[in-house]
Amino acid sequence: MALEEICSHGEDRVTLPTLFSILTSPHSSASSDLINIKQALCTTLLPIPTLQFHAAHHIQSVFTSSDPSIQSFEAAEAMNLKIVAKQHLRDNFLGLYNVQSFNASISHHQRRTLHLLALARML
């Protein structure tokens, strides 16, 4: 579900706190459990090779998953770290598979329409 949410934001990217609030209910566990869940979310997403991590107002704007400065939820939150799925994963979310291998070109309008359909599927 986390990957689906990340892909649903397209190129706009999503912050970890935003993603966390989408994935959890407002009546979730005690605050100590929430800290563990937040860290588990961060730890689970970092090794996924089709995700990229960006911090707009930081000296280093793009981070690798192994970068020590983004290993904790709190550090990522403080940096306003944003997550974006690579293009081929976002294409899969839209129902487009092997687009590059077929040399298929999808117009911006067609891609936007597919994105809206994908969002409607999530409801």
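Which residues lie nearest the centre of the largest pocket? In this predicted model, they are Gly10, Glu11, His108, Arg111 and His115, which belong to a lining of 13 residues. The volume of the largest pocket is about 320 Å³. Helices H1, H5 and H6 (108–122) each contribute at least two residues to the lining, and the largest share, 4 residues, is that of H6. By residue class, the lining comprises 6 polar, 5 charged and 2 nonpolar residues.

The chain as a whole contains 6 helices and 4 strands, arranged along the sequence in the pattern α-β-α-α-β-β-α-β-α-α. Of its 123 residues, 32% are buried. Among contacts with a sequence separation of 6 or more, 63% are between residues 24 or more positions apart.

The 4 strands form an open sheet in the order E1-E4-E2-E3, with antiparallel pairing. Strand E1 (14–15) and strand E3 (62–63) occupy the edges; each has a single partner strand, so one side of each is left without a neighbour in the sheet. Strands E1 and E4 run antiparallel and are joined by 2 bridges. Within this pairing, Val14 is placed opposite Ile83 of E4, and Thr15 is placed opposite Lys82 of E4. The antiparallel pairing of E2 with E4 extends over 4 bridges. Ile83 in E4 is also the bridge partner of Phe53. Ile83 thus stands opposite Val14 and is bridged to Phe53.

In soluble globular proteins, nonpolar side chains tend to be buried together. In the present model, the largest nonpolar core has 27 residues, and Ile6, Leu16, Leu45, Leu51, Phe53, Leu81 and Ile83 are those with the most contacts inside it. At least two core residues are supplied by each of helices H1 (2–8), H2 (16–23), H3 (31–45), H4 (73–78) and H5 (87–93), and likewise by each of strands E2 (51–54) and E4 (82–85). Leu51 illustrates how these elements are brought together. Beyond residues up to four places away in sequence, Leu51 touches Leu3, Ile6, Leu45, Ile83, Val84, Ala85 and Leu89.

Two further residues, His54 and Ile22, were examined individually. His54 lies in strand E2 and has a relative accessible area of 11%; because this value is under the 20% limit, His54 is classed as buried. Outside its neighbours within four places in sequence, His54 is in contact with Arg13, Ser61, Val62, Asn80, Leu81, Lys82 and Val84. Among these partners, Leu81 is one of the residues with the most contacts inside the largest nonpolar core.

Ile22, by contrast, is partly exposed, because its relative accessibility of 36% falls between the limits of 20% and 50%. This residue is found in helix H2. When neighbours within four places in sequence are left aside, Ile22 is in contact with Glu5 and His9. The C-alpha atoms of Ile22 and Ala2 are 8.9 Å apart in space, while the two residues are 20 residues apart in sequence.

Methods
Residues are numbered from 1 along each chain as its sequence is written. This is a predicted model: local features need pLDDT of at least 70, side-chain atom pairs count only at pLDDT 80 or more; totals for chains, interfaces and linings use all residues. Side-chain values use heavy atoms; hydrogens and water are left out. A nonpolar core is a set of buried Ala, Val, Leu, Ile, Met, Phe, Trp, Tyr and Cys residues joined through side-chain atoms within 4.5 Å. Buried means under 20% relative accessible area, exposed over 50%, partly exposed in between (1.4 Å probe, protein chains only). Contact means heavy atoms within 4.5 Å. Two strands pair if DSSP finds at least two bridges between them. On a 1 Å grid over the protein atoms alone, a cavity is a set of points where a 1.4 Å probe fits but cannot get out, and a pocket is an open set with protein on both sides within 12 Å along at least five of seven lines; lining residues have an atom within 4 Å of a point. Grid points are joined across faces, edges and corners, and a volume is the space filled by probe spheres set on the points. Ala, Val, Leu, Ile, Met, Phe, Trp, Tyr, Cys and Pro count as nonpolar, Asp, Glu, Lys and Arg as charged, and the others, Gly among them, as polar.
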